[in-house]
Amino acid sequence: MSWNNRLDKLHQNRRQEKLWRQRSIVSSPQGREIFLDGQRLLNFCSNDYLGLADHRAIKQAATESVAKYGVGSGAAHLINGHMDPHHDLEIEIASWVGAEKAILFSTGYMANLAIPQAFLNKSDLLLQDRLNHASLIDGGRFSSAKMIRYPHCDTESVSRRLKRSGYEAAMVMTDGVFSMDGTVAPVPELNRICKLHEALLVIDEAHSIGLIGPDGAGLIRQAGLCPTGNLIMMGTLGKACGSFGAFVAGDQQMMDHLVQFGRSYIYTTAIPPALASATLAAIRLIREHSELRERLSKHIEQFRSGLESLFKIQSTTAIQPIPMPSPAAAIQFSKCLKQDGILVSAIRPPTVPPNGSRLRITLSAAHRSEDVERLVQSIVQISKTLSLDSIG
């Protein structure tokens, strides 16, 4: 079969299953409203949870950094790409999350590729939550360890498998806040179990850093813990921080090992220094302004209470999924919302499991109370007029 025929068949199947994906063009900064393909829309599908992506102070920090350091870093961190802003940002992050050391990565995806690859070998066991983000799963595949995916947030399963592992060493990796469900990992119990069995525990705080815990320092800190000993934190900087990049934080020895053996760290150009400067400004702003998190919490509660009689709302985080019976139903509901001037993503497999299609609503501190009310009323009205079963 020719490549053209092979790809045509795959693409045709994906279109028929209502799973074909398309890009849209945004012509404005991220914010409560954006211009998408020329249409002004109320934005409920961005991960800019604190509304910092277009914040004046953060843009100023980036601009001043460009003037001083130029645009690109020019090299990997281990060559000559590790500049003053990178160094300063790593120190700030370590202080923020209570770690001995933090290491910057270009993306969260690359950080999650590096961790299991650097620490595990073929004699080791890697346990991952079944609903982990693709980057965690791919990181496990990138390593040579035996990987097993345990039922979602099932600490008993983790404990049983570690007890009878028979492997030289073990690691457990989990999302902190799960990106498609908004559920929260049982960090204290996982930490207890992993300490008991001398397993490394890696918490991906992509959707919790900046939002949860003291000064927004994450789930680990909310649990009264620090990234130390057997506990490693990964966090991204392009969501609540409104910038770009990622970090891994933990003990000095652990981070030194990651620098020496993490392939996706060693062989990648460092992020532009201006982005490191912007992120440093964002973290300081987050630490100083708890009202951003308080405002977001109010929006979450308003959304949940507004729809509790219509849907079973389980998430208490900024990620609020509404289940749909099929990919077609998710697309149709999303289109109806867009006609109302509201942007909400239709999430379909393979991003979520089969039969897991949903609307994924993300709330931000940038939203206003009237924005959330408008969204709730639109969802209520569309639910009344749209027969989901007929397109399921």
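Buried here means under 20% relative accessible area, exposed means over 50%, and partly exposed is what falls in between. With that in hand, welcome to a few close-up views of this predicted model.

**View 1. Leucine 7 belongs to a nonpolar patch on the surface.** Leucine 7 has a relative accessibility of 35%, so it counts as partly exposed. Its home is helix α1, which runs over residues 3-16. Together with Trp3 and Leu10, Leu7 forms the patch, and the three share about 330 Å² of accessible area.

**View 2. Helix α8 has a buried side and a face turned away from it.** Take a look along residues 187-196: Val187, Leu190, Asn191, Ile193 and Cys194 are buried. These residues lie on the same side of α8 because the arc they cover around the axis is only 165 degrees. Lys195 and Leu196 are exposed, and they sit on the face turned away from the buried side. What do the buried residues of α8 pack against? Their partners are the strands β5 (146-150), β6 (170-175), β7 (200-204) and β8 (231-236), along with the helices α7 (155-163) and α9 (219-222). Just after α8 comes glutamate 198, with a positive phi of about 55 degrees.

**View 3. Helix α4 has the span expected from its residue count.** With 14 residues (84-97) at 1.5 Å a residue, α4 should span 20 Å, and the distance of 20 Å between its end C-alpha atoms agrees. Its buried residues are Pro85, His86, Leu89, Glu90, Glu92, Ile93, Ala94, Trp96 and Val97. Glycine 98 follows α4 and has a positive phi, near 80 degrees.

**View 4. Arginine 32 and aspartate 371 join in a salt bridge.** The N to O distance between their side chains is 2.7 Å. This pair links distant parts of the chain, 339 residues apart: arginine 32 is in the loop between α1 and β1 (33-36), while aspartate 371 is in helix α15 (residues 369-385). Arginine 32 has a relative accessible area of 19%, so it is buried. Aspartate 371, at 4% relative accessibility, also counts as buried. There is company to look for here, too: Arg32 and Asp371 are linked with Glu33 and Arg40 in a network of salt bridges.

**View 5. Arginine 141 and aspartate 138 form a salt bridge within helix α6.** Here the side chains meet at 3.4 Å, N to O. About one helical turn separates the two, because they are three residues apart in α6 (residues 134-142). Are these partners buried, partly exposed or exposed? Arginine 141 is exposed, with a relative accessible area of 59%, whereas aspartate 138 counts as partly exposed at 24%.

**View 6. Aspartate 181 and arginine 358 meet in a salt bridge.** Their side chains come to 3.1 Å, N to O. Aspartate 181 lies in the loop between β6 and α8 and arginine 358 in strand β13 (residues 358-362), so the pair ties together parts that are 177 residues apart in sequence. Aspartate 181 is partly exposed, with 23% relative accessible area, and arginine 358 is buried, at 10% relative accessibility. In the model, the count of salt bridges comes to nine, and the pair of aspartate 181 and arginine 358 is one of these contacts.

Notes. Residues are numbered from 1 along each chain as its sequence is written. This is a predicted model: local features need pLDDT of at least 70, side-chain atom pairs count only at pLDDT 80 or more; totals for chains, interfaces and linings use all residues. Side-chain values use heavy atoms; hydrogens and water are left out. Buried means under 20% relative accessible area, exposed over 50%, partly exposed in between (1.4 Å probe, protein chains only). Helices (H or I, at least four residues) and strands (E, at least two) are DSSP runs, numbered from the N terminus. The arc is that of the directions from the helix axis to the C-beta atoms. Contact means heavy atoms within 4.5 Å. Patches are made of residues with over 30% relative accessible area and no salt bridge: like charges are joined within 9 Å, nonpolar side chains (Val, Leu, Ile, Met, Phe, Trp, Tyr) within 5 Å. Accessible areas come from the Shrake-Rupley method with a 1.4 Å probe; for residues, only the protein chains shown count as cover. A salt bridge is a side-chain nitrogen of Lys or Arg within 4 Å of a carboxyl oxygen of Asp or Glu. The expected span of a helix is 1.5 Å times one less than its number of residues.
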